[in-house]
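I opened a new page for this protein and set out to look up its core and its surface. My notes follow the order in which I checked things.

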Amino acid sequence: MIFNLGRKHARYTRAWFSVGVYFSLVALVGISLLLLWDPIGALYFRHGSVSAWLPNILAPSFSGSIMDTSIIIASTILSIAFHEFGHAIAAASEGVQMEYVAIFMAVLFPGALVALNYDLLENLPLFSMLRIYCAGIWHNVMFCAACVLMALLLPLVLCPLYMSGDGLIVTGVSQSSSLSRSLSVHDVILSVDGLNIRKTDDWMKMLAQGTVEKTSSPEFLDGSQSYGATNSGKGYCVPNSWIDASKNLWQINDKLSCPDELIVFGKFTCNGSTYFPGTDRVSDKKLTEDMYCLIAKDVVKLKKCGNGWRGTEDDDSNCTCLEDEYCLVPILTPGFSWIEISYARPYSLECLRKEEGNLSSSHDVPYILEKCLSCLLHVSAALAAVNCLPVYFLDGDAILETALRYVAWFNRRQQRVIIKVCRFLWTVLSIIMFSRFLYSMTIYYG
């Protein structure tokens with residue numbers, strides 16, 4: 001059936017795959033040079049070009065849940081099938097019929113191949129051979145373009161089920177997370193530390209940058225080794241009236257703490273210094289004069305100050321307040337960080353409880369579809385990029401060998417030497433690169 005389809009529309013498929021030849025040749029040269037430059041960049045500049053973007057292509061932000069695992073497996077099967085379908089159609093348009101289709105496992109990675117009549121293949125013109133060899137890469141690239149287009153059209157196609165706004169919609173909160181006391185499903189995250197959030201990657205990046213601040217040599221309270229003081233430089237301009245009304249610190253179990261749900265705040269100056277309890281030997285009375293217990297939910301509504309906010313690290317103008325205000329920063333124990341998250345709640349809690357099933361099912365549809373398209377895009381792009389490399393048993397090897405036969409500068413023997421050197425070099429570089437990638441991913445998820 002595939003052979004008849006390719007022969008029937010041979011005129012159009014040949015033109016289609018001719019475009020893929022030029023794209024694949026450019027991609028082969030570009031990706032091969034990037035892979036060659038990676039160890040050079042890592043050696044001399046302490047970072048590699050491929051190492052920077054490879055995790056983004058090969059490792060989308062998926063968890064190890066059953067749904068995510070199923071999506072990855074299905075995306076891999078579809079991407080490989082579409083890749084091999086390209087080879088089969090291109091071969092059929094040139095009059096070369098398939099002998100069989102094979103599916104295999106290379107270590108942990110699934111693979112497939114379309115076996116063609118090698119004698120018929122070798123008798124074809126060189127450009128016809130290139131059309132067949134480049135068809136898989138070209139189909140994967142077009143598959144990526146289709147995924148991007150479908151993702152852009154999702155809000156239009158699923159208009160009744162789609163919620164669009166100025167931030168990210170919370171799809172779930174772990175009970176073990178400290179955010180579970182504030183955030184709930186269907187809340188809309190607007191900003192983190194004052195910066196607007198538009199994409200999931202921005203959310204993960206900001207949280208990663210602001211997580212757990214630990215001091216190498218924390219200062220401890222007098223007579224206690226269980227409490228250290230540290231600050232993030234994220235302050236608020238607190239009126240003097242609030243400071244005067246601040247409750248005194250309570251001394252419990254040799255530690256100073258605030259009553260109820262109040263947070264300890266200390267004064268911050270433009271030079272970045274903050275008074276920490278326990279940095280000098282003073283009386284408890286002196287400690288209570290310099291530390292303040294305030295309600296965090298009220299404080300965060302005030303004007304920001306300090307040099308710890310994003311984009312204000314080198315801006316001294318952000319650490320000043322009015323004459324009747326003080327710049328106060330939260331005093332944190334080692335292992336804790338201060339992150340301000342602004343969010344909106346489009347539904348009341350009562351409405352969520354009544355319509356929990358309907359809301360979840362309706363809003364999970366676009367979420368799942370987005371996740372499927374994202375995974376298809378990543379897997380198909382990875383498959384195209386890997387097959388561009390002149391490595392043993394990959395499309396790039398056959399493409400390079402056929403393309404070299406166009407070059408009249410080298411005789412047949414020199415061409416074989418060049419191919420052997422390229423195969424060996426890029427196979428070794430590929431093994432090193434993927435070993436580093438798998439090791440880093442194992443450390444990350446571990």
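The entries below go from the whole chain to the core, then to one helix and a surface patch.

**Entry 1, overall.** I note at the start that this is a predicted model. I counted 446 residues in the protein, and 39% of them are listed as buried. For secondary structure I found 14 helices and 15 strands. I then looked at contacts with a separation of 6 or more, and 74% of them join residues 24 or more positions apart. The exposed area of the protein comes to about 26000 Å², with 61% of it supplied by carbon and sulfur atoms.

**Entry 2, the core.** I looked up the largest nonpolar core and found 35 residues in it. Which of them touch the most other members? They are L116, I132 and I399. Next I listed the elements that give two or more residues to this core: the helices α2 (10-44), α4 (66-93), α6 (126-157), α12 (356-387), α13 (395-404) and α14 (412-445), and the strand β2 (109-116). Of these, α6 gives the most, with 8 residues.

**Entry 3, L116.** I took L116 from the core and looked up its contacts, leaving aside neighbours within four places in sequence. The residues in contact with L116 are then A91, V96, Q97, M98, E99, L121 and I132. I132 is on this list, and I had already noted I132 beside L116 among the residues that touch the most other core members.

**Entry 4, helix α13.** I asked how many residues of α13 are buried. The count is 7 of 10, so I wrote the helix down as mostly covered. The buried ones are D395, G396, D397, I399, L400, T402 and L404. I399 is thus on this list as well as in the core.

**Entry 5, a surface patch.** I turned to the outside and found a nonpolar surface patch of about 570 Å². Y392, F393, F424, V428 and I432 make it. I looked at two of its residues in more detail.

F424 sits in helix α14. Is F424 buried or exposed? F424 counts as exposed because its relative accessibility is 56%, and the cut-off for exposed is over 50%.

F393 lies in the loop between α12 and α13. F393 has a relative accessibility of 82%, so this residue also counts as exposed. I also checked its backbone: phi of F393 is near 70°, which is a positive value in a residue other than glycine.

How values were computed: Residues are numbered from 1 along each chain as its sequence is written. This is a predicted model: local features need pLDDT of at least 70, side-chain atom pairs count only at pLDDT 80 or more; totals for chains, interfaces and linings use all residues. Side-chain values use heavy atoms; hydrogens and water are left out. A nonpolar core is a set of buried Ala, Val, Leu, Ile, Met, Phe, Trp, Tyr and Cys residues joined through side-chain atoms within 4.5 Å. Buried means under 20% relative accessible area, exposed over 50%, partly exposed in between (1.4 Å probe, protein chains only). Contact means heavy atoms within 4.5 Å. Patches are made of residues with over 30% relative accessible area and no salt bridge: like charges are joined within 9 Å, nonpolar side chains (Val, Leu, Ile, Met, Phe, Trp, Tyr) within 5 Å. Accessible areas come from the Shrake-Rupley method with a 1.4 Å probe; for residues, only the protein chains shown count as cover. A salt bridge is a side-chain nitrogen of Lys or Arg within 4 Å of a carboxyl oxygen of Asp or Glu.
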